[in-house]
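Visitor: Could you take me closely through a single part of this model, the place where two helices pack against each other and charged side chains meet? I would like a connected account, with the cut-offs behind each term.

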Amino acid sequence: MTIQEELKHLREENTSLREQLAQRDELIQQQQALLAEQSAVIQHHGEQMSSLSEQLKALRDRLAKDSHKSHLPPSSDRFGRKPKSLRHKSEKQSGGQPGHPGSSLQFSSTPDEIIELQVERCETCEHDLHAVAACGRERRQVVDVPSPRVVVREYRAEQKQCPHCQQITIATFPAGVQAPIQYGPHVGATAVYLVQQQLLPLARGCEVMRDLLGIQMSEGTVGDLIKRCAGQLAPVEQQITEALKHAEVIHQDETGLDVAGKRHWMHVTCTPTLTHYHVDVSRGQPALEAIGILPQFTGISIHDGWGSYFLYDCEHAACLVHLLRDLVFLAEQGCQWAADLKTLLLEMKEATDQAREQGKRWLDPLEVVDWEAQFLRLLDDGDQAHPRATAPPGQRGRCKQSDARNLLDRLRKQQKAFLCFLEDLRVDFDNNLAERDLRMVKVQQKVSGCFRSIGGAQAFARIRGYLSTLRKQGLPVLAALQATLCAHPVLPSLERT
């Protein structure tokens, strides 16, 4: 082989090797691209798994919560959870307690009717006993009501013509007698009472009026009576509002309400002797401004910690029962500080209850300082167990925190509100007073469904607040409704409480 042939052969071999090297470089680039794509897929799957793990944990936490360890209502409990109360068993025996007045039947000294039952013959020998004087009597009384009977009272107003001026003068009808034929105040008050106090739907209220009293009344008539009653109570509602502005301690709460198929809110403001309801499309500050109590209130407001309440400058007290439910949930998740804090709060409650029984207005200041120091120590333990989460580099906004961390932050921020019951014995441990006043609103919705109009909801709120105030003060409800329909509503006591 000549030099030229060998050089040619080497050149061809070099070209072939270059082509193979180029093919390998292309293959390496393809594999690198594939690896980069697979790496991106793996990273995406990892992010998905992390997100799904967080969602799974959130769902498990939601499933683990029920009414005894969260703010969920008992109706939302799932899987037939056996109710478990946060209250401890009392040492008192079941049934009526000593000193309870009771409500058993008592013999009347002035019965309306006396029926003499005479002995005619001896039950042994059949001897005639008509002429024998009675040697004793056994009394038995039956308490009953007479069969209802509609009374139709007709008023006939005379018309007389003056012989001097020929003017015809008609006698004046009594106040409230306006139409040619109408229902009296007792019938109207009974219809309003059945719907507004006993929470019957309009149709069932009319059915009760027909079955018990023999009165055929339409739903529209009952609605007109309710509207008329609510109109007469507008000044009374304003007086209750003014009295609540000057109260020392008030309770506040709110609950969802369906009006004409849309979400509304029923707000309650109350004391042991006064109740005020307000229906509003807003749950927050616009509703509180429309109510008009908190903007001018300077006392202590007890509530569930809803943020809108804290926008006002009065003193605030948080409901500790809501806090206990949160602590129960965290304690069941293994948070020891939460279990210890729950025990501490219950011990504080027992101490305040004992002080009230002794007639005290405040606890000893040194005792309060000791309780608060224990409270803060447990919060420190919680801070160590649940440090604040830090956002990864490049992430904007707040970093998501755990439920425990959020609760600790809220306890720090609103410490004064949570411990207000400890520093002032006028403040209750819970917000049960407002929750009891709202409970009948939820019963009304379960029985009758939603309100058909905002006007009907507002009428219900006004009348119900009036009736609740009367019942708290021990005043007769039905008689007050009769007086209201006669344009003379019974005024409850509005003294400062």
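Guide: What follows is a close look at one helix pair and its charged side chains, with a few other sites afterwards.

This is a predicted model, in which local features need pLDDT of at least 70 and side-chain atom pairs count only at pLDDT 80 or more, while totals for chains, interfaces and linings use all residues. Residues are numbered from 1 along each chain as its sequence is written, and side-chain values use heavy atoms, with hydrogens and water left out.

The part in question is formed by helix 9 (residues 365-385) and helix 10 (residues 403-413), whose axes come within 10 Å and cross at roughly 150°. Helices here are DSSP runs of H or I with at least four residues, strands are E runs of at least two, and both are numbered from the N terminus; the axes are lines fitted to C-alpha atoms, for helices over the stretch in contact, with angles running from 0 to 180 degrees between N-to-C directions. Helix 9 and helix 10 are therefore roughly antiparallel to each other, a label for angles over 145 degrees, whereas those under 35 count as roughly parallel, 65 to 115 as roughly perpendicular and the rest as oblique. On the side of helix 9, the contact is made by Phe375, Leu376, Leu379, Asp380, Gly382 and Asp383, and on the side of helix 10 by Arg405, Leu408, Leu411 and Arg412, contact meaning heavy atoms within 4.5 Å.

Charged residues also join these helices. Asp383 and Arg412 meet through their side chains in a salt bridge, at 2.6 Å from N to O, and this pair links distant parts of the chain, with Asp383 in helix 9 and Arg412 in helix 10, 29 residues apart. A salt bridge is defined as a side-chain nitrogen of Lys or Arg within 4 Å of a carboxyl oxygen of Asp or Glu. Asp383 is partly exposed at a relative accessible area of 22%, and Arg412 is partly exposed at 31%; in these terms buried means under 20% relative accessible area, exposed over 50%, and partly exposed in between, using a 1.4 Å probe and protein chains only.

A second salt bridge joins Arg388 to Asp409, with the closest N and O atoms 2.9 Å apart. Arg388 lies in the loop between helix 9 and helix 10 and Asp409 in helix 10, so the pair ties together parts that are 21 residues apart in sequence. Arg388 is exposed, with a relative accessible area of 53%, while Asp409 counts as partly exposed at 22% relative accessibility. Asp380, Asp383, Arg388, Arg405, Asp409 and Arg412 are linked in a network of salt bridges, and the structure holds 21 salt bridges.

Asp253, in strand 3 (residues 249-259), offers another view of charge. Asp253 is buried yet has no salt bridge, and the nearest side chain of opposite charge, Arg283, is 6.3 Å away; for this purpose Lys and Arg count as positive and Asp and Glu as negative, with His and the chain ends not counted. Leaving aside neighbours within four places in sequence, the contacts of Asp253 include His267, Asp304, Tyr309, Asn431 and Glu435.

Burial can also be followed along a helix. Ten of the 13 residues of helix 2 (residues 185-197) are buried, so helix 2 is largely enclosed by the rest of the structure. The buried residues of helix 2 pack against helix 3 (202-213), helix 4 (219-232), helix 14 (454-472) and helix 15.
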